[in-house]
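Colleague: Got a minute to walk me through this one? I'd like to start with the sheets and then jump around.

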Amino acid sequence: MARYRGQKVVVVSPDYAEHTKFADHWLPAEPGSDGALAMAMGHVILKEFYVDRQVPYFCDYARRFTDLPLLVTLREREDGYVSGRLLRASDLESAGGESEHAEWKPVVLDEATGEPAVPRGSVGHRYGEPGRWNLRLDGIEPALTLLDRATQRLPVDLPRFDAGGEGGEAMRRGVTALRLGGHLVTTVFDLLLAQYGVAREGLPGRWPEGYDDPEPHTPAWQEPITSVDRHLAARVAREFARNAEVTRGRSMIAMGAGTNHWFHSDQTYRTFLSLVMLCGCEGVGGGGWAHYVGQEKVRPLSGWQTVAFALDWTRPPRQQAGTPFFYLATEQWRYERLRPADFASPLGRGLLDGKHIADVNALGARLGWLPSFPSFDRSSLDLVDEAERAGRDVAEHVVGELRSGRLRFACEDPGSPENWPRVLTVWRANILGSSGKGHEYFLKHLLGTTENAVRAEESPPELRPSEVTWREQAADGKLDLLTTIDFRMTSNALFSDVVLPAATWYEKFDLSSTDLHPFVHTFNQAVPPPWECKSDWDAFGRIAERFSELAERHLGVRRDVIAAPLTHDTSDEIAQPLGEVRDWRAGECEPVPGKTMPKLIVIERDYPAVAQKWRALGPLAEELGTAVKGASWKPVEEVAELRAANGTVRGGVADSRPRLETVQHACEAILMLSGTTNGRLATEGFRALERTVGLPLADLSAPRAGDRISFHDAQVQPRTVMTSPEWSGIEAHGRRYSPFTINVERDKPWHTLSGRMQFYVDHAWMLELGEGLPVFRPPLAQRAIFGDQGARDGSGRRELTLKYLTPHSKWSIHSEYQDNLHMLTLFRGGGMLWISREDAEALGIKDNDWVEAFNRNGVVAARAAVSHRIPQGTCLMYHAKDRHLNVPLTELQGKRGGTDNSLTRIVMKPTHFIGGYGQLSYAFNYYGPTGSQRDEVTVLRKRETDVRFQ
């Protein structure tokens, strides 16, 4: 509909993708170069809409809702300066009148008075005096720039990464500065102009002379990196901003997973987000950032997590950051060639020197930055018993054992048998097929199969960890039991010891919702599950019953200690001030649970009662209530209604509690306990938030305060969800969800350190990597890192090394339905490797020929799809093709060819481990290390021998 109303569409894609034909302009950026294009667009927007002329809407938006006016300290370095941390109230005399949590309150310069001021809304206000966590400026007029007020014009060194290898180089530009609180300071805005290369008169340094000057970060600079015409890049930027100016923010960037899978995807995202922030688009209906990836989140969040994580019975849950868990479990850490310090800017202080990424993970676990389970190299149950026998507090005992060295974190010795994962249950996922980056390492080290195709050599001694124990013999085959619950014979199921058949979509009852659309849907059982199939709910219920029977004899009732991470949206966010890293093991601070290390929380494990608790809603639902994103409520009325609707349990530990006997009962509980589907709870949540914010919010949900969506209601037809503090958008009065509209329209802060959208992130490790501000970082130089990955078999056969991309599947939904006959007939069936006509010609490959792609991680055998839409030097393999369909033995090794993930491995970025620092704090499905695979390269050659399948 928007196109019919005159909307202009610009597509950025390296290949001529399906949606490109709908575009007014196609910007064919080279794979992994999107950040360079966005930096050049930001250069145009800053020059034309902030410097050459000031757009009132943009400047007002930037002052109120972004960190551009915040003051940043400058640190002297050699003959220039580099940016440091944000100036805080604690740096000012008498803390600027903001003594409570002063280290967590950034400072601006007030244009009206010419004096420093501490605006409300920071994380320091959030956990301080109630009613002051809001974005009302109360007469403060934050200065965006110090250009007309500064006493000094200083040379400042900034990072660039388009030259100089992984760590990049430095470039010199200039900022205006003045001295406050004993520090030289400038504004984030002044630094941003320097970073983007937007010159102003009288500033020192080397600046571009125009858009055609190839200095960073001009349209001419990006052209050889992205292949996008400089004039077109400037035009699109200008039109994007001009449209936002005229419509007050209704320009939008919509994207999928494409740039999400690169190693430096976080920086690429920041370059995109900078455009919508500079143009006042975020929090505006019809504008901002529309992101496909993230639909794993569910709308009735609070109810779902109460049931899913058993928060009604036990808190906190034991949740793991999946990427580092599998990185260690599959021994991929033993094959590293890059160290965290390799990514550091030359402007850094050497904070990561000598560390392996496994050391970074161990440090993160030790400081409470992220969860790590198993936590210790001794049973957490036994640790509680030891403390009780010694008559000591459990936390005190654990801290003492850690300090003495008698106890270690399990992730500090992942190769030790007591730290191996032994039992893995995979429910409705395909880890070994579609999800597991480094597929062949999973087979070799986690499962111990002989069919793995790992070709990589282990790290040489100089690249091994300095803290994490290196065992001479890598572990092969750690798991004792692999169970899969699924309705398909996936790759995961093929390798499993036990497969439990699950009901399909039309054989069960369930709920469906995402954060991408405003409805709650139901799945409804058209036919009962056939044969031995069970619904997911019933399958786990049966497992719980048998487990409880065995637990009566083997486990009993025990007390457990949980090493819980410093968590986002709690006061843990202000545990580690000023962004400096202090390691208690190195003697840099004391080990204090919940401050400098994980929280140590003791809970009871009544193992024989697991099945009884499984089938009932526990008492913590109303006793402790629900806390989500800073809002809280106690659903006392709702629990009473669930008793009436579902009935109550008679006898046992769940006596008189609401029943969750069936999946319909569970769905009813989820809907009843969520603000998005229960207007009363949404209103209660907003009232709780009002006490922190100090502004009216409950009226957002008040029109639907009496509405409750039941499971039956959603079965009749999909139901529109309600505005709730679980989410940041307003869905009322005919409006559709747009994120952050509550923040913009109601002055509710963002959940960041400053309470505003941040261009600048001042954690020491972010500055170490040169990522305090948005900047383009190119893909990892895999060819330089790993050298020639060819067959080296002496055959002299022609080979090409190509960029290897794995886009979302075209003929399946992830790995689902790819082997459906109808889907197979839409193309050729099985995995296909898409290559350009130029690369095909160079290797003598014709369309549909058999080819092999291989690197140090594994080997893929597939047919070639030769297409004009693929750029030269790049190949694509659509992801999530299971290896049991049309996959022959490889010519290179004589083993079964691999999946798309056979050519990938887990690669983690050190800054993703940061925790306990404002928005850089762990939360489930929110923040933590991610695996990336788009930087990978592969060697391609045509198959010459006969194709064999056995």
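Colleague: Which residue stands opposite Cys 875 in S26?

Modeller: Ile 835 does. Keep in mind that this is a predicted model.

Colleague: How do S23 and S26 pair, parallel or antiparallel?

Modeller: Antiparallel, over two bridges. Strand S23 covers residues 832-836, and strand S26 covers 874-876.

Colleague: What do the six strands close into?

Modeller: A barrel. The order runs S22-S26-S23-S25-S24-S27, with mixed pairing. Neighbouring strands there are turned by 45 degrees against each other on average, ignoring direction.

Colleague: Now the open sheet. What is the order of its three strands?

Modeller: S15-S16-S21, with antiparallel pairing. S15 (510-512) and S21 (719-720) are the edge strands. Each has a single partner strand, so one side of each has no neighbour in the sheet.

Colleague: How many bridges hold S15 to S16?

Modeller: Three, in the antiparallel sense. S16 spans residues 519-523. Asp 510 faces Phe 523 of S16 across the pair.

Colleague: Switching to helices. How many residues of H10 are buried?

Modeller: Eleven of its eleven, so to speak the whole run of 357-367.

Colleague: Which charged ones are in there?

Modeller: The buried residues include Asp 359 and Arg 366. Arg 366 also belongs to a salt-bridge network with Arg 408, Glu 412, Glu 467, Asp 583 and Arg 585.

Colleague: What do the buried residues of H10 pack against?

Modeller: Two helices: H9 (322-329) and H24 (764-768). After H10 comes Gly 368, with a positive phi near 80 degrees.

Colleague: Ser 754 caught my eye. Where is it?

Modeller: In the loop between H23 (741-746) and H24.

Colleague: Buried or exposed?

Modeller: Buried. Ser 754 has a relative accessible area of 2%, and the cut-off for buried is under 20%.

Colleague: What is Ser 754 in contact with, leaving aside neighbours within four places in sequence?

Modeller: Asp 67, Leu 70, Pro 106, Gly 121 and Ser 122.

Colleague: On to salt bridges. How many are there?

Modeller: The count comes to 83. One of interest is Glu 30 with Lys 803, where the closest N and O atoms are 3.6 Å apart. That pair links distant parts of the chain, 773 residues apart. Glu 30 sits in the loop between S2 (25-27) and H1 (34-51), while Lys 803 is in strand S22.

Colleague: How accessible are Glu 30 and Lys 803?

Modeller: Glu 30 is partly exposed at 26%. Lys 803 is partly exposed at 28%.

Colleague: And what does Arg 735 meet in a salt bridge?

Modeller: Glu 745, at 2.7 Å from N to O. Arg 735 lies in the loop between S21 and H23 and Glu 745 in H23, so the bridge ties together parts ten residues apart in sequence. Arg 735 is partly exposed at 29%. Glu 745 is partly exposed too, at 40%.

Colleague: What about Asp 707?

Modeller: Asp 707 bridges to Arg 704, with the closest N and O atoms 3.0 Å apart. Asp 707 has a relative accessible area of 32%, which is partly exposed. Arg 704 counts as partly exposed at 25%.

Colleague: Backbone oddities next. Where is the cis bond to His 217?

Modeller: From Pro 216 to His 217, with omega near 5 degrees. His 217 is in the loop between H4 (188-196) and H5 (219-226). The bond from Arg 315 to Pro 316 is cis as well, with omega near 0 degrees. Pro 316 is in the loop between H8 (301-308) and H9.

Colleague: What is the phi of Arg 428?

Modeller: Positive, about 50 degrees, although Arg 428 is not a glycine. Its place is the loop between S12 and H13 (431-435). Asp 569 is another non-glycine with positive phi, about 65 degrees. Asp 569 is in the loop between S17 (557-564) and S18 (599-606), and counts as buried at 18%.

Colleague: Last one, the surface. Which residues make the nonpolar patch?

Modeller: Val 423, Leu 481 and Val 498, making about 220 Å². Val 423 is in strand S12 (423-427). Val 423 is exposed, with a relative accessible area of 56%.

Key
Residues are numbered from 1 along each chain as its sequence is written. This is a predicted model: local features need pLDDT of at least 70, side-chain atom pairs count only at pLDDT 80 or more; totals for chains, interfaces and linings use all residues. Side-chain values use heavy atoms; hydrogens and water are left out. Patches are made of residues with over 30% relative accessible area and no salt bridge: like charges are joined within 9 Å, nonpolar side chains (Val, Leu, Ile, Met, Phe, Trp, Tyr) within 5 Å. Accessible areas come from the Shrake-Rupley method with a 1.4 Å probe; for residues, only the protein chains shown count as cover. A salt bridge is a side-chain nitrogen of Lys or Arg within 4 Å of a carboxyl oxygen of Asp or Glu. Helices (H or I, at least four residues) and strands (E, at least two) are DSSP runs, numbered from the N terminus. Buried means under 20% relative accessible area, exposed over 50%, partly exposed in between (1.4 Å probe, protein chains only). Two strands pair if DSSP finds at least two bridges between them. Contact means heavy atoms within 4.5 Å. Axes are lines fitted to C-alpha atoms, for helices over the stretch in contact, and angles run from 0 to 180 degrees between N-to-C directions.
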